[in-house]
Amino acid sequence: RRENLVSFRSLPEEQVSMLRQKCRENNVTMSMAIATAALLAASDIANDDLDFAYEAYRLLMGVDMRRFAPQGDWTKDTMAYASGALDFSLRLLPKSGAAFAAEGANESLRTRIGGVPFWDLARASAHAVRLWIEKGYAAESTRLFDIGVRLLRMDTIIRETANDPSTIGRAYSVTVSNAGLYGLGPKDGRYGQLRLQKIYFGISAAISGSLVSASCLTVNGDLLVTAVSAAPLVNRSHLETFSDSMIGSLTIAAMQKKPLSRKGTPLVENPLDPRGGLPWYYLLETPKGTLQCPEYEELKSYSMPAFDVDKYVGVWYELAFHDITQCNGCGCTQFNMTRHGNVIEDMFTVTCPWPWTKGVDGPWLPGYNVNGNRRMNMWTCNMTMYYKPQNPGVMLETGFGQEFDNMVLEIWSDPEITAQTGYEYTRSIQFQCLGSERWDYLHRNQLSLPGSHC
């Protein structure tokens, strides 16, 4: 048996005004900020200790359908049912709301390029809503729902999906409904000696719906939030965590300082088609607009020691990467760097299990296997880096037919690895910007994963 759980929270008028101003600055509505806070809060409770990577969180948003009628608002201020909904997904790390709160309490935890991207996520939400409107989905969804009510046994479908073990009736991570400003009655809410102070409303989630819902209304300047979920799917402690996280994120977002400029349009995640219409096998990169490469000082770690190029050369092994130039089918990557003055020659070696065609160059690395082997072929490429003494930690690199800055963002010195390898610099993080970004985690030891062939 499932029972509704309810939790109430409010955001004071002063912070609501600050949040509204931040929304204007970021060209989004209050509903998009509320949706973002709800998504971050959902990420705080919709995971366990085994979750550590980006996951898709699906949001259902209530929509006032009156504005989408062909002749405008057909209700003419009468009592009528004119609500609808749209949904979209955003990718978040587990406990993103908690991370955002930690960054708000201690700014040193926030990276210099922004930390948890609250306002980028808000713009992504706005992007999804705009697409939904532009494609005419408001009318289509209304027709679809009308057909469902008329022709299908909706009550039976709801009961069956509520008992479906794959979803337990939870088709969405979170539902958000923002009813806006309460504008009925006297402006100050006074009725003689009485004054209307608060209105909380919510929706039942006992049978089916989202994991948790947040229904919002602004009364007398305060944003009032009603969070609802169903036990035992969500317990009381988790619901209170959701409510606190949501209000906390809105509070931090309202007072958040403007991050360092990205020197271009803000990063906008495309939540509907992350490959921009390209086939499924294309690398998963989201559109960056006119986003330009960040400055080195915006990225490098505060704890990074003074960079010594002579300690950096030698052999490195790539243990992890996020790479726009290298397919996930490639691995066992090695860098062998040799310095000649301000020039560093880098022998780049990688193994790719792709089915190459004999006599045809690979898409990035030249050559083919002379023995005609089509799997686990090793490819090499000589790359050149030009060390910049005036900007230690940054090397101008040429390779793959491109020229780009190779930035060393963090360096570690581990005594036990030094004893094994003789290198003082034992681990490193590199960053290259080629219109999109590439990250490398390098290690002096070649640590193979079980089952790998490195």
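In this predicted model, the contact between helices α1 and α7 brings Q15, M18, L19 and K22 of α1 up against L250, T251, A253, A254 and M255 of α7. Sorted by class, the residues of this contact come out as six nonpolar, two polar and one charged. Helix α1 covers residues 13–25, and its axis comes within 8 Å of the axis of α7, with the two crossing at roughly 65°. As for handedness, the crossing of α1 and α7 is left-handed.

Next comes the sheet. Six strands make up an open sheet, and reading across it gives the order β1-β8-β7-β4-β2-β3, with mixed pairing. The edges belong to β1 (3–11) and β3 (83–92); each of them has a single partner strand, so one side of each is left without a neighbour in the sheet. Between neighbouring strands of this sheet, the turn is 20° on average, with direction ignored.

At the β1 edge, the partner is β8 (residues 222–231): the pair runs antiparallel and is joined by nine bridges. Within this pairing, S10 sits opposite L224 of β8. Two helices that pack on the sheet can be placed against its strands. Helix α4 (residues 118–134) touches β2 (55–64) and β3, and its direction makes about 135° with that of β3. Helix α7, already met as the partner of α1, spans residues 236–255 and packs on the sheet too, touching β1, β4 (170–181), β7 (209–219) and β8. The direction of α7 makes about 25° with that of β1. Helix α7 thus has contacts with α1 as well as with strands of the sheet.

That leaves the empty space inside the model. Rolling a probe the size of a water molecule over the atoms shows where such space is left. Searching the whole structure turns up three cavities of 30 Å³ or more. The second largest cavity holds about 80 Å³ of space. Its lining is made of 13 residues, and those nearest the centre of this cavity are F335, M383, E397, Q432 and R438. By class, the lining of the second largest cavity splits into six nonpolar, three polar and four charged residues. Several strands contribute to this lining: β10 (331–340), β11 (343–352), β14 (402–412), β15 (427–433) and β16 (437–443) supply at least two residues each.

Note on methods:
Residues are numbered from 1 along each chain as its sequence is written. This is a predicted model: local features need pLDDT of at least 70, side-chain atom pairs count only at pLDDT 80 or more; totals for chains, interfaces and linings use all residues. Side-chain values use heavy atoms; hydrogens and water are left out. Two strands pair if DSSP finds at least two bridges between them. Helices (H or I, at least four residues) and strands (E, at least two) are DSSP runs, numbered from the N terminus. Axes are lines fitted to C-alpha atoms, for helices over the stretch in contact, and angles run from 0 to 180 degrees between N-to-C directions. Contact means heavy atoms within 4.5 Å. On a 1 Å grid over the protein atoms alone, a cavity is a set of points where a 1.4 Å probe fits but cannot get out, and a pocket is an open set with protein on both sides within 12 Å along at least five of seven lines; lining residues have an atom within 4 Å of a point. Grid points are joined across faces, edges and corners, and a volume is the space filled by probe spheres set on the points. Ala, Val, Leu, Ile, Met, Phe, Trp, Tyr, Cys and Pro count as nonpolar, Asp, Glu, Lys and Arg as charged, and the others, Gly among them, as polar. A crossing is left-handed if the near helix is turned anticlockwise from the far one by less than a right angle, and right-handed if clockwise.
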